Amino acid sequence: MILQPCGTDAAYARHIRRREPVDEACQEAHRHYGRVRYSIKFLAKSRLRGPRYQALEALIHRHRAEYAELYAKALREAADYTAEKGAA
Ligand SMILES: [Zn+2]
């Protein structure tokens, strides 16, 4: 088995299991994955649940890292948009 490098949620879990100090990269990865998990939960509880959302949820689970990246990008863009609106 190949060990995941620092900066991943798997490495964060490994630090915890081994009672090692958690470095900044792993801490950030864990925070990031926490947000992803939260959004998956939110989606699961959504009143809009149906075949389409079940498929979407399954897709998110299958491509978690990619989803995390896209979600983070969308959050950044939303923050940029809000900042621009505030400045105008
Ligand atoms: Zn680490």
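This note walks through a predicted model of one chain, point by point.

1. **Confidence.** Start with how far to trust the model. The mean pLDDT of the chain is 84. Of its residues, 90% reach 70 or more. Where is confidence lowest, and where is it highest? It is lowest in helix 4 (residues 64-87), at a mean of 80. It is highest in helix 1 (residues 9-17), where the mean is 94.

2. **Overall make-up.** The chain has four helices and zero strands. Read along the sequence, the pattern is α-α-α-α. Among contacts between residues at least 6 apart in sequence, 26% join residues at least 24 apart.

3. **Burial.** How much of the chain is buried? Buried residues make up 6% of the 88 residues. A residue needs 20 or more other C-beta atoms within 10 Å to count as buried. Keep that cut-off in mind for the points below.

4. **Before helix 1.** Gln4 sits in the segment before helix 1. It counts as partly exposed because it has 15 C-beta neighbours inside 10 Å, and the partly exposed class lies between 12 and 20. Leaving aside neighbours within four places in sequence, Gln4 is in contact with Ala10 and Ala11. Gln4 and Arg14 are 10 residues apart in sequence. In space, their C-alpha atoms are 9.1 Å apart.

5. **Helix 1.** Which residues of helix 1 are buried? They are Asp9, Ala11 and Tyr12. Seen down the helix axis, these buried residues fall within an arc of 160 degrees, so they line one face of helix 1. A general rule helps here. An α-helix has 3.6 residues a turn, so residues three or four places apart point the same way.

6. **Arg19, an unusual backbone angle.** Just after helix 1, Arg19 takes a positive phi of about 55 degrees. Arg19 is not a glycine. Why point this out? Most residues other than glycine have a negative phi. Arg19 lies in the loop between helix 1 and helix 2 (24-45). Is Arg19 buried or exposed? It is exposed, because only 6 other C-beta atoms lie within 10 Å, and 12 or fewer counts as exposed.

7. **Val22, in the loop with Arg19.** Val22 is also found in the loop between helix 1 and helix 2. With 15 other C-beta atoms within 10 Å, Val22 is partly exposed. What does Val22 touch, not counting residues up to four places away in sequence? Its contacts are Tyr12, His15 and Gln27. Tyr12 is one of the buried residues of helix 1. Val22 and Cys6 are 16 residues apart along the chain. Their C-alpha atoms are separated by 9.3 Å.

8. **Helix 3, length check.** Helix 3 covers residues 51-62. At 1.5 Å a residue, its 12 residues should span 16 Å. The end C-alpha atoms are 16 Å apart, which agrees.

9. **Helix 3, cover.** How many of the 12 residues in helix 3 are buried? The count is zero, and the helix is hardly covered. His61 lies in this helix. His61 is exposed, because it has 10 other C-beta atoms within 10 Å. Along the chain, His61 and Ile40 are 21 residues apart. In space, 8.3 Å separates their C-alpha atoms.

Terms used. Residues are numbered from 1 along each chain as its sequence is written. This is a predicted model: local features need pLDDT of at least 70, side-chain atom pairs count only at pLDDT 80 or more; totals for chains, interfaces and linings use all residues. Helices (H or I, at least four residues) and strands (E, at least two) are DSSP runs, numbered from the N terminus. The expected span of a helix is 1.5 Å times one less than its number of residues. pLDDT is the predictor's confidence in each residue, from 0 to 100. Two residues are in contact if their C-beta atoms, placed from the backbone, lie within 7 Å. The arc is that of the directions from the helix axis to the C-beta atoms.
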